[in-house]
Each structure stands twice: as structure tokens, then as C-alpha cells.
Amino acid sequence: MVIITLRLIRNFEYRSIKTIPIRGVDTSQTVNAFIAKLKSDLPTTSGIPPPFKTYNYDTLKISHQAGGFKANDIVINLEGDEELILPGEKTLEECGVKSETELSFFVLKEYLSYKENPVTKW
């Protein structure tokens with residue numbers, strides 16, 4: 001069981017991001033199982049504004065790992081999608097998730113649109 005930081009990204013252009021710690025994450029579960037658990041737990045998690053609780057997130061990407069580098073983009077690292085976007089059928093451990101990993105949770109379609117034109121409006 002590990003502790004991770006989850007970055008809920010509701011809007012890339014306006015940098016609508018809420019960061020929450022998640023304790024007791026089992027890295028032997030699949031990415032799809034973890035996403036399903038997050039979606040069921042978020043609506044009842046305290047300290048998260050209502051717009052973030054009901055958003056239809058569908059993708060996890062490693063943003064940062066303890067002892068690693070951070071991206072220059074404040075919102076999300078736009079590079080390394082092949083290695084950093086977590087495929088649903090693999091376990092979190094197989095994807096390299098370990099204690100103190102920071103994961104971004106977002107809508108893939110919106111990420112791809114932002115990646116084509118990474119401009120912030122705020």
C-alpha cells in the first residue's frame with residue numbers, strides 16, 4: 001500500500017486543478033479498477049469542490065515521481081505520453097506507480113486538444 005497525490009484536472013486552459021492525497025493505494029490493482037474506485041469515491045470525498053466530484057475523468061498519467069523531475073508546464077507534462085499515460089489493463093505497479101507518485105486524472109479528449117494548442121487563458 002502506498003500514498004499517491006492525485007491531480008484532478010477539470011480544465012487545462014483555465015488551470016482548474018485540485019490536488020488530493022490518496023492513502024492506502026494497492027499497486028497490484030489494474031489501472032481500470034483504480035479509475036473505477038476513484039470515480040465511486042470522489043463524489044463522497046470531503047474537501048473537493050462539487051464541480052470536481054462529478055466530472056467524467058477517464059485517463060491517468062504520471063506527472064511526477066519522488067526524486068524525479070517536474071514538467072515546465074504548470075498544468076501537465078505534455079511529453080512522454082507513451083510511457084506516462086497508464087494503460088487500463090496493466091497494474092499500477094507495472095506502470096511504475098510507487099509511493100509518492102503524483103498522478104494526473106483528466107479527460108483524454110480534452111488533453112489531446114490542449115496538447116495541440118497549449119495556451120492558458122487565465
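This report walks through the cores, ring pairs, main pocket and a few single residues of a predicted model.

**The cores**

Let's start inside. The largest nonpolar core has 23 residues, and the ones with the most contacts inside it are Leu 6, Leu 8, Leu 60, Leu 86, Leu 103 and Phe 105. As for where this core comes from, at least two residues each are supplied by strand 1 (2-11), strand 2, helix 1, strand 3 (59-64) and strand 4 (102-106). Apart from this core lies another one, of eight residues, including Val 75, Phe 106, Tyr 111 and Tyr 114.

Leu 86 is a handy residue to click on. Leaving out residues up to four places away in sequence, Leu 86 touches Val 31, Leu 60, Ile 62, Leu 92, Cys 95, Val 97 and Leu 103. Two of the names there, Leu 60 and Leu 103, also turn up with Leu 86 in the list of residues with the most contacts inside the largest core.

**Ring pairs**

Now for the aromatics. The count comes to six aromatic pairs. One of them is Phe 12 with Tyr 114, a stacked pair with 5.3 Å centre to centre and 20° between the planes. Why does this pair tie together parts that are 102 residues apart in sequence? Phe 12 sits in the loop between strand 1 and strand 2, while Tyr 114 belongs to helix 4 (residues 108-116), so the two rings bring those parts together. Phe 12 is buried, with a relative accessible area of 1%, and Tyr 114 counts as buried too, at 1% relative accessibility.

Tyr 57 and Phe 105 make up another stacked pair, at 5.0 Å centre to centre and with 25° between the planes. Here the loop between helix 2 (50-53) and strand 3 provides Tyr 57 and strand 4 provides Phe 105, so the pair ties together parts 48 residues apart in sequence. Both Tyr 57 and Phe 105 are buried. Phe 105 is also among the residues with the most contacts inside the largest core.

There is a bigger ring grouping to look at as well: ring pairs link Phe 12, Phe 106, Tyr 111 and Tyr 114 into a cluster. Phe 106, Tyr 111 and Tyr 114 are also members of the eight-residue core.

**The largest pocket**

The largest pocket has a volume of about 220 Å³. Its lining takes in 14 residues, and Ile 22, Arg 23, Lys 37, Leu 38 and Asp 41 are the ones nearest its centre. Strand 2 (16-25) and helix 1 (31-41) are the elements that give two or more residues to this lining. Which of these elements gives the largest share of the lining? Strand 2 does, with six residues. By type, the lining divides into seven nonpolar, three polar and four charged residues.

**Single residues worth a look**

Here is how a few individual positions fare for exposure.

| Residue | Relative accessible area | Class |
|---|---|---|
| Arg 10 | 31% | partly exposed |
| Arg 15 | 25% | partly exposed |
| Thr 27 | 15% | buried |
| Glu 100 | 55% | exposed |

Arg 10 lies in strand 1. Setting aside residues up to four places away in sequence, Arg 10 touches Ser 16, Pro 51, Phe 52, Tyr 55, Tyr 57 and Glu 110. Tyr 57 is the one that stacks with Phe 105. For a sense of scale, Arg 10 and Ile 85 are 75 residues apart in sequence and 17 Å apart in space, C-alpha to C-alpha.

Thr 27 is in the loop between strand 2 and helix 1. Its contacts, not counting residues up to four places away in sequence, are Val 2, Thr 91, Leu 92, Glu 93 and Val 97. Leu 92 and Val 97 are also touched by Leu 86.

Two residues other than glycine have a positive phi: for Arg 15 the value is near 55°, and for Glu 100 it is near 70°. Arg 15 is placed in the loop between strand 1 and strand 2, whereas Glu 100 is in the loop between helix 3 (81-84) and strand 4. Leaving aside neighbours within four places in sequence, Glu 100 is in contact with Ile 3, His 64, Gln 65 and Ala 66. The C-alpha atoms of Glu 100 and Phe 12 are separated by 23 Å, with these positions 88 residues apart along the chain.

Terms used
Residues are numbered from 1 along each chain as its sequence is written. This is a predicted model: local features need pLDDT of at least 70, side-chain atom pairs count only at pLDDT 80 or more; totals for chains, interfaces and linings use all residues. Side-chain values use heavy atoms; hydrogens and water are left out. On a 1 Å grid over the protein atoms alone, a cavity is a set of points where a 1.4 Å probe fits but cannot get out, and a pocket is an open set with protein on both sides within 12 Å along at least five of seven lines; lining residues have an atom within 4 Å of a point. Grid points are joined across faces, edges and corners, and a volume is the space filled by probe spheres set on the points. Helices (H or I, at least four residues) and strands (E, at least two) are DSSP runs, numbered from the N terminus. Ala, Val, Leu, Ile, Met, Phe, Trp, Tyr, Cys and Pro count as nonpolar, Asp, Glu, Lys and Arg as charged, and the others, Gly among them, as polar. A nonpolar core is a set of buried Ala, Val, Leu, Ile, Met, Phe, Trp, Tyr and Cys residues joined through side-chain atoms within 4.5 Å. Buried means under 20% relative accessible area, exposed over 50%, partly exposed in between (1.4 Å probe, protein chains only). Contact means heavy atoms within 4.5 Å. Rings of Phe, Tyr and Trp (its six-membered ring) pair if their centres lie within 6.5 Å; planes under 30 degrees apart count as stacked, over 60 as edge-to-face and the rest as tilted.
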